[in-house]
Amino acid sequence: MSRWAQLGRGRDGGDGGGDGAGYRRRFERLAARGVHVHGEADRCAALVPPGARVLDAGCGTGRVAIELARRGYDVVGVDLDAGMLGEARAVAPQLIWLQADLAGFDPAAHGVPGGFDLVVAAGNVVPLAAAGTEAQVVARMAAALRPDGVLLAGFGLDAAHLPLPEAPFGLPAYDAWCADAGLTLVERHATWAGEPFTGGGYAVSLHRR
Ligand SMILES: C[S@@+](CC[C@H](N)C(=O)[O-])C[C@H]1O[C@@H](n2cnc3c(N)ncnc32)[C@H](O)[C@@H]1O
């Protein structure tokens with residue numbers, strides 16, 4: 001079971017498997033207050049042009065994918081959590097939403113071609129995978145990329161930046177899983193807006209296949 005699912009359901013506006021409606025409402029409330037909730041989509045858009053094929057890995061309620069589709073990207077969302085995906089499907093039924101475990105994900109098995117230009121994993125997806133499956137999650141995201149495609153992943157490195165009591169792994173482990181999957185680190189920032197990474201509790205990492 002993913003760590004996300006273990007967090008449990010029913011905590012409106014918080015993190016936890018099954019509460020897709022609460023998760024979506026949290027971001028809607030932020031947006032209503034004028035908070036910019038599309039920093040991840042902005043970063044994706046700075047990396048690949050409209051029309052590019054983007055896989056939103058661990059898409060949840062489709063927050064990133066739906067915004068990218070609105071900007072003209074060719075998006076596919078994949079997530080394990082039926083409750084989260086249900087929200088995505090309700091808001092954007094015209095898009096492709098796949099229910100699958102990233103640890104064994106093969107787009108072709110769902111009738112979707114691989115060779116994505118960009119795979120984005122926003123919102124602590126890798127630390128919220130099931131314990132012990134992280135390397136496989138990274139490997140399958142890498143395999144979904146075209147040669148020269150990029151993997152963009154943002155996640156917390158301490159309890160202050162994760163809905164977990166402690167970080168399940170650090171950047172050396174993540175970089176090693178990426179290297180094993182044939183990916184090379186391009187750059188790393190502290191935020192989706194591109195502030196320099198200086199060893200803080202959150203990192204946005206860009207790796208190229
Ligand atoms: C905090 S939510 C982030 C959702 C979305 N990316 C966003 O930023 O709004 C983390 C998501 O990762 C998904 N996830 C965790 N492990 C997964 C796995 N092995 N396969 C597919 N999805 C996974 C969870 O189901 C959950 O929807």
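Which helices each supply at least two residues of the lining of the second largest pocket? H2 and H4 do. The model described here is predicted.

## The second largest pocket

This pocket holds about 260 Å³ of space. Its lining is made of 13 residues. Nearest the centre lie Arg24, Phe27, Glu28, His38 and Arg63.

What classes of residue make up this lining? Five are nonpolar, three are polar and five are charged.

## The largest pocket

The largest pocket contains about 760 Å³ of space. A total of 43 residues line the largest pocket. Closest to its centre are Gly58, Ala122, Gly123, Val125 and Leu128.

Four helices give two or more residues each to this lining. They are H1 (3-6), H2 (20-32), H3 (39-47) and H4 (63-70). The largest share comes from H2, with four residues. By class, the lining of the largest pocket has 24 nonpolar, eleven polar and eight charged residues. H2 also helps to line the second largest pocket, and so does H4.

## The sheet

Now look at the strands. Seven of them form an open sheet. Follow the order E3-E2-E1-E4-E5-E7-E6 across the sheet. The pairing is mixed. Two strands sit at the edges: E3 (96-99) and E6 (184-189). Each of these pairs on one side only. From one strand to the next, the twist averages 20°.

Take one pair in detail. E2 covers residues 74-79 and runs parallel to E3. Four bridges join these two strands. Where does aspartate 79 find its bridge partner? The partner is glutamine 99, in E3.

## A helix on the sheet

Helix H6 spans residues 134-143 and packs on the sheet. Which strands does H6 touch? It touches E1 (53-57), E4 (116-121) and E5 (145-156). The direction of H6 makes about 140° with that of E5.

## Proline 147

Strand E5 is also the place of proline 147. Is this residue buried or exposed? Proline 147 has a relative accessible area of 61%. The cut-off for exposed is over 50%, so proline 147 counts as exposed.

Finally, compare proline 147 with alanine 176. The two are 29 residues apart along the chain. Their C-alpha atoms are separated by 19 Å.

Conventions
Residues numbered from 1 in each chain as written. Predicted model: local features only at pLDDT ≥ 70, side-chain atom pairs only at ≥ 80, totals over all residues. Heavy atoms only, no water. 1 Å grid on protein atoms, 1.4 Å probe; cavity = no way out; pocket = protein on both sides within 12 Å on 5 of 7 lines; lining within 4 Å. Points joined across faces, edges and corners; volume = space filled by probe spheres on them. Nonpolar A, V, L, I, M, F, W, Y, C, P; charged D, E, K, R; others polar. Pairing = 2+ DSSP bridges. Axes fitted to C-alpha atoms, helices over the stretch in contact; angles between N-to-C directions. Contact = heavy atoms within 4.5 Å. Buried < 20%, exposed > 50% of the residue type's maximum accessible area, 1.4 Å probe, protein only.
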